[in-house]
Amino acid sequence: MAITKDDIKLLESQRMTDFDDGGGRMTGNVIVDGQSNNIFPDVSELDRTFGRVNLRKTFPGVLTPTTDTYFGAHVIVEQPPQDDNIDVLMFSTEDWNDVRIAARDFIERYVVAGPVGPWFLFDVHVVGQKQLLLFSRVGSAVPEVGDVLYLIEDEGDPGEISQYVRVTEVSTQNQTFTDSQGEFTRQVITVQISDPLRETYHGATISRFDDINPAAKVRTTLVADATHYFGVQPLADPATTGDTTVKAASVYGQLVPSARTETPVTDAQITANTVAITSGGETFEIAGPSHTHAIAVTLGNRAFSYVATLLPIPAPGVLSVEYRALGKWQRIEDDGTGILDGAGSGAVNYQTGSVSVTLQALPDVGSQVIFTWGAKAHYTDRAGATINAVPLAPIALGAAAVPGSVSLSWLEGGLTKTATVAADGTVSGDATGYFVHATGEGYLQFTTYPDANSTITVDWDEAPNVFQEVITPTISGGAASFTLAHTPIKPGSVQLAVLTKERREYQRFKKEVILQMPTQIVGALPA
């Protein structure tokens, strides 16, 4: 009798709990199919509020009295949870004996140990410590926030211990030390880590040399996507028989619950620093620029009181001072009179920009005391000022005009003002300017501003444009002569474009000329 799917069972591990020792080796206890909560517990209200990761170790096994050949089996997550806030994923540590804490480390170990870093652990680091003190050569690279470091002691020995730690804060300082050879300088790096140390690590005493070999080493890490997780996702598009590809809604599953959300913020200032300005009978709100300044908190300067001189000088009521004490951020604010109040006290001088602040609690080493403020709005009130600029208005008729026929009018102070254009293009009257009759373009230069929303009215007679191309004019002594096929209507109505040959390249030369006589054009050709 062949082995059937009914012979394949899921078996419990030694401890089906979420304690550190949960899991362990396989037992003979069968997990009853279809029974509620036979693997995971119910989701409590606290779990739903704060989130939780439940890990359970189970073993597939074949329970059959026969000696039939076992050809293999597979395990899948067939249906996703009905609750959108719950994810179910399967993975294997390839270890028949490990417990929950090892499985947790397996999940978190998405990186693998890399080369030894250019840093040494500075002396002993004890269990529970959440800060690493490293030293290295001056100028060498330092760990960055978000990096994962791998601490390992007695590497390769039976008593080897190790731990991956994530960097949350970094500060550096060059310090001078003395040994039998004299003084030397080392870069001392203070690194805050996300999880406390689970073992005691023995680093090195400070040394000017880099060939020391302490028991504990600090290795860099490399991202390794070697772990495989198995879950279930609905199809984004229907799949039919014969399809070679399918489109899933997502390839991601949530391993660790997170209460964080991302909210992009645009067009926001650091401080709500606006000043109301009244000018010309109207009130305007002007935003002042925002600035920040930080004082790094170290073991050497950790104190209750701090002073700073802020430039540019803060505007009244917009300065705030923030600091972190025991992992919690505190805030002190300016009340608008120069007095700082809140989780501390102090004062700000609006004339010099000096600030003195006293904190309610000692700030955390490795944090910063942050000053945030807005500067005064810089502006100049020009209401009622006289502007010396002379206003100009362009004129574009879109066609040629008969010389002497152009006149203009507009309103100024409620009165009608006028100007005329002479045959030579000169504008005169209540304004000046210049006008080219052949193109219908020019400009009007006022002596004072016209009325708001006033319209410039132009009266003119349109002149027909006649184009004539002269291929071989008579050239003598740098002057060219030719005969127009039509007599120009008036002086100032002729525009001449000359095509010259210079350095074997053709260039277009355009020059306005004035008709002095009805049959003669005066104007020198380019050399």
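## Strands, sheet and core: a chat

Guide: In this predicted model, strands S19 (residues 339-342) and S20 (residues 344-348) run antiparallel to each other, joined over four bridges.

Visitor: What makes S19 and S20 a pair?

Guide: A pair needs at least two bridges between the strands. S19 and S20 have four bridges, so they count as paired. One example: Gly342 has Gly344 in S20 as its bridge partner.

Visitor: Which sheet do they sit in, and in what order do its strands come?

Guide: The order is S15-S22-S17-S18-S19-S20-S21-S16, eight strands in an open sheet with antiparallel pairing. Strands S15 (290-296) and S16 (305-309) each have a single partner strand, so they stand at the edges with one side lacking a neighbour in the sheet. From one strand to the next, the twist averages 20 degrees.

Visitor: What makes a group of residues a nonpolar core?

Guide: The members must be buried residues of certain kinds, Val, Leu and Phe among them, joined through side-chain atoms within 4.5 Å. The largest such core here has 20 residues, and Leu319, Val357, Val369 and Phe371 have the most contacts inside it. Since they belong to that core, those four are buried, which means under 20% relative accessible area. At least two core residues come from each of S16, S17 (320-325), S21 (354-359) and S22 (368-374).

Visitor: Which residues is Phe371 in contact with, leaving aside its neighbours within four places in sequence?

Guide: The list includes His291, Ile295, Ala308, Leu319 and Val357.

Visitor: How much of the whole chain is buried?

Guide: Buried residues are 28% of the chain's 527 residues.

Terms used. Residues are numbered from 1 along each chain as its sequence is written. This is a predicted model: local features need pLDDT of at least 70, side-chain atom pairs count only at pLDDT 80 or more; totals for chains, interfaces and linings use all residues. Side-chain values use heavy atoms; hydrogens and water are left out. Axes are lines fitted to C-alpha atoms, for helices over the stretch in contact, and angles run from 0 to 180 degrees between N-to-C directions. Buried means under 20% relative accessible area, exposed over 50%, partly exposed in between (1.4 Å probe, protein chains only). Contact means heavy atoms within 4.5 Å.
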